[in-house]
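Here is a short guided tour of a protein model for someone new to structures. Keep the picture open as you read.

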Amino acid sequence: MAVRSKAAVLEEKIKVDQISSSDIDFGTIIDTEIANIQRFLYGFLNGTKTIGGGSICTSALISFVDQSFKLIEFRYVWLPEYTMKFNNAQSKATDYMNTAYAYCNF
């Protein structure tokens, strides 16, 4: 499954604190807050993955969080260099959320 392999790569990056929100440039205060929100979400998913559900569920949610912060990074959709990147991130986020809906017991 592509979701599991993508999440495995993301989990290794998270361990060394190489998260996607570190590329977002809002200013010093907001940058740290956004990075902390992403760290919190990854920690929440990591802490609750042993409660139930399968690895596909957690992998899809981790990948969804990553793509959500890429949507924030590519927020300037009217600029040509961000238009396709935003659409691609939005499509992947939708795919990951659909996978999570199918495999998770919400």
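## The overall plan

Helices here are DSSP runs of H or I with at least four residues, and they are numbered from the N terminus. With that in mind, A60 can be placed in helix α3. Please remember that this is a predicted model.

How many helices and strands does the protein chain have? It has four helices and zero strands, and their order from the N terminus is α-α-α-α. Of the 106 residues in the protein chain, 32% are buried. The accessible surface of the protein chain is about 6,700 Å², and carbon and sulfur atoms account for 60% of it. Among contacts with a separation of 6 or more, 64% are between residues 24 or more positions apart.

## Helix α3, an enclosed helix

Let us look at α3, which covers residues 55–73. Of its 19 residues, 14 are buried, so the rest of the structure largely encloses this helix. Its length can be checked too: at 1.5 Å a residue, α3 should span 27 Å, and its end C-alpha atoms are 27 Å apart, so the two agree.

A few residues of α3 fill in the picture. A60 has a relative accessible area of 0%, so it counts as buried. Its C-alpha atom is 5.4 Å from that of A100, although the two residues are 40 places apart along the chain. L61 also lies in α3 and is buried, with a relative accessible area of 16%. Is T58 buried or exposed? T58, another residue of helix α3, is buried at 9% relative accessible area.

## Who touches whom

Which residues does L61 contact, once neighbours within four places in sequence are left aside? They are L45, M97, A100 and C104. L61 can also be compared with T99: they are 38 residues apart in sequence, and their C-alpha atoms are 8.6 Å apart in space.

T58 touches L45 and K49, again without counting residues up to four places away. K49 sits in the loop between α2 (28–48) and α3, and it is partly exposed, with a relative accessible area of 34%. The C-alpha atoms of K49 and S59 are separated by 9.5 Å, and these two residues are ten places apart along the chain.

## A disulfide link

A search of the whole structure finds one disulfide. It joins C57 to C104, with an S to S distance of 1.7 Å. C57 is in helix α3 and C104 is in the segment after α4, so the pair ties together parts that lie 47 residues apart in sequence. The link of C57 and C104 is right-handed, with 110° about the S-S bond. Both of these cysteines, C57 and C104, are buried.

## A salt bridge within one helix

Side chains of opposite charge can pair when their charged atoms come close. The count of salt bridges in this model is one. Which residues form it? The side chains of K70 and D66 do, at 3.9 Å from N to O. Both lie in helix α3, four residues apart, which is about one turn of the helix.

Why does that spacing suit a pair? An α-helix has 3.6 residues a turn, so residues three or four places apart point the same way. The two partners differ in their cover: K70 is partly exposed at 25% relative accessible area, whereas D66 is buried at 3%.

## Helix α4 and a surface patch

Helix α4 covers residues 80–103. At 1.5 Å a residue, its 24 residues should span 34 Å, and its end C-alpha atoms are 36 Å apart, which agrees. Which residues of α4 are buried? They are F86, A89, A93, Y96, T99 and A100.

Finally, look at the loop between α3 and α4, where Y76 is found. Y76 counts as partly exposed, because its relative accessibility is 32%. Together with V77 and W78, Y76 makes a nonpolar surface patch of about 320 Å².

Technical notes. Residues are numbered from 1 along each chain as its sequence is written. This is a predicted model: local features need pLDDT of at least 70, side-chain atom pairs count only at pLDDT 80 or more; totals for chains, interfaces and linings use all residues. Side-chain values use heavy atoms; hydrogens and water are left out. Patches are made of residues with over 30% relative accessible area and no salt bridge: like charges are joined within 9 Å, nonpolar side chains (Val, Leu, Ile, Met, Phe, Trp, Tyr) within 5 Å. Accessible areas come from the Shrake-Rupley method with a 1.4 Å probe; for residues, only the protein chains shown count as cover. A salt bridge is a side-chain nitrogen of Lys or Arg within 4 Å of a carboxyl oxygen of Asp or Glu. Helices (H or I, at least four residues) and strands (E, at least two) are DSSP runs, numbered from the N terminus. Buried means under 20% relative accessible area, exposed over 50%, partly exposed in between (1.4 Å probe, protein chains only). The expected span of a helix is 1.5 Å times one less than its number of residues. Contact means heavy atoms within 4.5 Å. A disulfide is a pair of cysteine sulfur atoms within 2.5 Å.
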